[in-house]
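User: Please take me closely through one loop of this model, starting from the residue in it that deserves comment, and then work outwards to the parts around it and the rest of the assembly.

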Amino acid sequence: MLTTVSFSLMAMAALGGVVAGSLGGMLGLGGGVFLVPLLVQGLGVPMPQAVAVSLTTVIATSNAVSGAAGSRPLINLRMGFMLELITAAGGLLGGVAATLLPQRTLMITFSVVMTLMSVITFLRRDHQNALPEDADIGPWGGRYTDEQTGRLVVYRLDRLPVAVGTSFVAGTLSTLLGLGGGVIKVPVLNAWCGIPMRVASTTSAFMIGVTATSGALIYFGRGLLLPTLAAAAVLGVRVGSMLGLRLARIWPPRRLKVMLAVVLVLVAAVMIARLPQ
Amino acid sequence: MTRLFAFTGRATTGLLVAGLVTSGLLPGSAWPTQLIHVGLLMLMVTPITRVVVACVGYLREGDRLSALLTAAILMLVAAGGYLATR
């Protein structure tokens, strides 16, 4: 295990934090899928310590996004809590399945699914998830005023079984592959379930913090969290999330969806590159 | 409550910066690590505090379904933490 942290290692972790925070602010992703390989394969940090830092940055991203004034009206707490509960249940199954399924098969399946989601997100980049102002929003929908257009956006959670099933699978894969669920939930909620991109990403950003907290506390309690490395990464996240939030506010949803499609392909590529032999 | 969360965010950043700066100025001292630990702990409890606050808010509004969902999440997080430490 690593006991001392050099200045250059802290600087690289801070840069990784900037990238993770930007992704969180823009797309509601935790960024762990980039940060863990960067720390382990790029900087030689042992896996448990890298995961501990990554979980801490996920929480920092979540705090920064959900605490920003512009994000609060976009977070659909009710829907987020409902899906989070399903995600947690999926996580429990993942804990059991981890001993039964070969990780290589899982990683290949995950990469294929990510690539398909990327294609679908790209093809549906012009699709608007907005209903008439007097539409019934159902138990899980919501309303917010779009900052760019000044118009009231009304939406409803469609295809509830798809949202529930996806959250369950996201929870399972989170446990099996050590990822946040945002990378799976955001594209599905947006492409199939009628949730606007900004609502899907900010709600996801809020919930990934809750998911990551219990894990992070365990790593912290076991002394696996390198304080200076985590501090540098978290400060990077603070800078990156401000940048990401600003871009999410000024960029049209279409551009965010194209960005998400690109990130999904990159995630798939990183996963293939990390395949165990 | 929004102000409280904004304050904890700024306090966390301040503690982490202070910890990193003092770790360079006072090598070998335990102070920098302790400052960073306090900052990281504040960071980690924030999401759970938000869920607790939401749960209380739902109870006050009489929204039982949402209160039940948030309470269930808190129990799952606590159970996960308990199981993982055993």
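Analyst:
**The loop after the hairpin**

A:Arg159 lies in the loop that connects S2 of chain A to helix H6 (160-177) of chain A. The model is a predicted one, and in it the phi angle of A:Arg159 is near 50°, which is a positive value in a residue other than glycine. Because 14 other C-beta atoms lie within 10 Å, A:Arg159 is partly exposed; the exposed class would require 12 or fewer such neighbours.

On the strand side of this loop, S2(A) (residues 152-155) runs antiparallel to S1(A) (residues 142-145), and 4 bridges join the two strands. Within that pairing, A:Tyr144 stands opposite A:Val153 of S2(A). The two strands form a hairpin with 6 residues between them, and A:Gly150, which sits in the turn, has a positive phi of about 75°.

Another loop of chain A can be set beside this one. A:Pro252 is placed between helix H9 (227-250) and helix H10 (253-273) of chain A, and since A:Pro252 has 12 C-beta neighbours inside 10 Å, it counts as exposed. The C-alpha atom of A:Pro252 is separated by 40 Å from that of A:Ala97, a residue 155 positions away along the chain.

Turning to the helices towards the start of chain A, H1(A) (residues 7-27) and H3(A) (residues 47-67) pack at an angle of about 45°, with their axes 9 Å apart. The two helices are therefore oblique to each other, and H1(A) passes H3(A) in a right-handed crossing. On the H1(A) side the contact is made by A:Ala13, A:Gly17, A:Ala20, A:Gly21, A:Gly24 and A:Gly25, while H3(A) contributes A:Val53, A:Thr57, A:Thr61, A:Ala64 and A:Val65. Sorted by character, the residues of this contact comprise 5 nonpolar, 6 polar and no charged.

Beyond chain A itself, there is the interface with its partner, in which 33 residues of chain B are in contact with 32 residues of chain A. On the side of chain B that touches chain A, helix H1 (2-25), helix H2 (31-61) and helix H3 (64-85) of chain B each supply at least two residues. H2(B) provides the largest share of that side, with 13 residues. By character, the chain B residues that touch chain A divide into 19 nonpolar, 13 polar and 1 charged.

Technical notes
Residues are numbered from 1 along each chain as its sequence is written. Chains are lettered from A and ligands numbered from 1 in the order in which they are written. This is a predicted model: local features need pLDDT of at least 70, side-chain atom pairs count only at pLDDT 80 or more; totals for chains, interfaces and linings use all residues. Axes are lines fitted to C-alpha atoms, for helices over the stretch in contact, and angles run from 0 to 180 degrees between N-to-C directions. Angles under 35 degrees count as roughly parallel, over 145 as roughly antiparallel, 65 to 115 as roughly perpendicular and the rest as oblique. A crossing is left-handed if the near helix is turned anticlockwise from the far one by less than a right angle, and right-handed if clockwise. Two residues are in contact if their C-beta atoms, placed from the backbone, lie within 7 Å. Ala, Val, Leu, Ile, Met, Phe, Trp, Tyr, Cys and Pro count as nonpolar, Asp, Glu, Lys and Arg as charged, and the others, Gly among them, as polar. Two strands pair if DSSP finds at least two bridges between them. A residue is buried if 20 or more other C-beta atoms lie within 10 Å of its own, exposed if 12 or fewer, and partly exposed in between; C-beta atoms are placed from the backbone.
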